[in-house]
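Trainee: I have a structure to study and some questions about how its chain is built. Could we look at it together?

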Amino acid sequence: MSHTETSSPASASASAAASRPVTEAGSCCRSRRQMLGQTLLGGTVVAGAALGLAACAAPAAPEQAPAAPDSASGTGHDVLAASELAVGAEAAVSINKANVLLYRQDETTVLAYSAVCTHAGCQVGTSENTQFFCDCHSSTFSAKDGSVVSGPAPRPLERYAAAIEKDRVMVYL
């Protein structure tokens with residue numbers, strides 16, 4: 001008669017565990033679940049980084065420059081004397097905590113824009129050569145129509161109604 005040895009399930013697992021390499025103090029190899037979790041976490045981090053970089057990429061087709069407001073509606077604010085803003089010059093003014101950019105197009109026309117960048121909400125300021133510039137991510141806007149010249153900004157600056165009335169620059173918000 002042959003004699004076969006039988007082992008209990010507990011002794012079988014102990015012998016299998018003894019044959020596996022120990023990687024950390026008392027723990028065995030990573031489980032499939034742990035490996036899958038780490039792989040998914042790594043993929044999520046890579047995907048998030050790719051989306052973050054895509055958000056800062058130049059827009060594929062920026063929107064057209066905003067149309068001039070139909071009329072001077074809203075409250076008119078006297079911001080400065082027309083003589084303080086030469087033709088072709090830019091200025092930045094503050095109206096009740098709203099920062100506004102001005103550009104004098106000709107003797108009778110002043111254009112006004114919001115100084116809030118359409119990319120990340122940073123403040124846009126004046127610069128040289130009829131452009132407004134955002135220091136946060138280097139978006140540049142045309143002072144002539146508020147359109148995006150370069151940078152990650154997806155839309156032109158918001159335009160406000162403005163006029164020269166009795167040698168005063170008026171902006172309507």
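Mentor: We will go from the whole chain to one pair of strands, keeping in mind that the model is predicted.

Trainee: How many helices and strands does the protein chain have?

Mentor: Read the elements from the N terminus on: the order is α-α-β-β-β-β-β-β-β-β-β-β. Both element types appear in that run. The count for the protein chain is 2 helices and 10 strands.

Trainee: What share of the residues in the protein chain is buried?

Mentor: A residue is called buried when its relative accessible area is under 20%. The protein chain has 173 residues to sort by that cut-off. The buried share is 25%.

Trainee: What part of the accessible surface belongs to carbon and sulfur atoms?

Mentor: Start with the total for the protein chain, about 11100 Å². Carbon and sulfur atoms hold a portion of that area. Their portion is 55%.

Trainee: Which strands are the edge strands of the open sheet formed by 6 strands?

Mentor: The sheet has the order β1-β10-β9-β4-β3-β2, with antiparallel pairing. An edge strand here pairs on one side only. That points to the two ends of the order, β1 (76–81) and β2 (90–95).

Trainee: Which residue in β10 is the bridge partner of Glu 165?

Mentor: Strand β9 covers residues 159–165, and strand β10 covers residues 168–172. The two run antiparallel and are joined by 5 bridges. For Glu 165, the bridge partner in β10 is Arg 168.

Conventions. Residues numbered from 1 in each chain as written. Predicted model: local features only at pLDDT ≥ 70, side-chain atom pairs only at ≥ 80, totals over all residues. Heavy atoms only, no water. Helix = DSSP H or I, 4+ residues; strand = E, 2+ residues; numbered from the N terminus. Buried < 20%, exposed > 50% of the residue type's maximum accessible area, 1.4 Å probe, protein only. Areas by Shrake-Rupley, 256 points an atom, 1.4 Å probe, with all protein chains shown as cover. Pairing = 2+ DSSP bridges.
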